[in-house]
Amino acid sequence: MTDLGPIMSAEFCAARLSAMTAWPGTAVYLLWDIAKDKPVYCGTANSKSRLKAHLAKDDLRNGPVGKTMVNPELQAYCLAQPKGWLGVQFKMFPSEQEARLAEQRVISIHGIRKLGGLLYNQRMGG
């Protein structure tokens with residue numbers, strides 16, 4: 001497991017983000033398929049809006065997000081899931097450099113699919 005905090009539903013995460021008055025650094029996030037209890041994607045976010053954009057993956061059928069994803073495998077996976085499938089963990093880091101190192105650790109723990117791992121990340125480095 002990772003030390004990114006509890007896995008939240010996309011809806012709960014959106015509420016938590018809305019309640020945040022400041023964005024103190026860079027977040028590392030890990031997206032989960034809650035029903036299958038498996039991580040699917042890891043990344044960093046320098047703003048709330050970046051993380052909120054990922055929450056739309058929980059309801060792609062009602063917006064343009066599915067048409068604009070640059071990762072076709074992740075897009076296909078998300079589109080095949082029912083609403084409510086997405087879970088999110090995230091943790092704030094004071095600097096982007098610290099966040100990138102943490103992101104790389106998380107990716108190395110779970111691995112990327114093309115190398116036999118779980119994550120739909122396209123490369124090991126984030």
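**Packing of helix α1 against helix α2**

In this predicted model, the axes of helix α1 (residues 10–19) and helix α2 (residues 48–55) come within 10 Å and cross at roughly 160°. The two helices are therefore roughly antiparallel to each other (angles over 145 degrees), and their crossing is left-handed. On the α1 side, the contact (heavy atoms within 4.5 Å) is made by Ala-10, Cys-13, Ala-14, Leu-17 and Ser-18, while α2 contributes Lys-48, Leu-51, Lys-52 and Leu-55. By class, these residues divide into six nonpolar, one polar and two charged.

Turning to the faces of α1, Ala-10, Cys-13 and Leu-17 are its buried residues (under 20% relative accessible area, against over 50% for exposed and in between for partly exposed, with a 1.4 Å probe and protein chains only). They cover an arc of only 60° around the axis, so they lie on the same side of α1. Their cover includes β1 (8–9), α2 and β4 (86–93). On the face turned away from the buried side sit the exposed residues Glu-11, Phe-12, Ser-18 and Ala-19.

Arg-16 is also found in helix α1, and its 36% relative accessibility is why Arg-16 counts as partly exposed. Leaving aside neighbours within four places in sequence, Arg-16 is in contact with Met-8 and Phe-90.

Residues are numbered from 1 along each chain as its sequence is written, and side-chain values use heavy atoms, leaving out hydrogens and water. Local features need pLDDT of at least 70 and side-chain atom pairs count only at pLDDT 80 or more, whereas totals for chains, interfaces and linings use all residues.

Technical notes:
Axes fitted to C-alpha atoms, helices over the stretch in contact; angles between N-to-C directions. Helix = DSSP H or I, 4+ residues; strand = E, 2+ residues; numbered from the N terminus. Parallel < 35°, antiparallel > 145°, perpendicular 65-115°, else oblique. Left-handed = near helix turned anticlockwise from the far one by under 90°. Nonpolar A, V, L, I, M, F, W, Y, C, P; charged D, E, K, R; others polar. Arc of directions from axis to C-beta.
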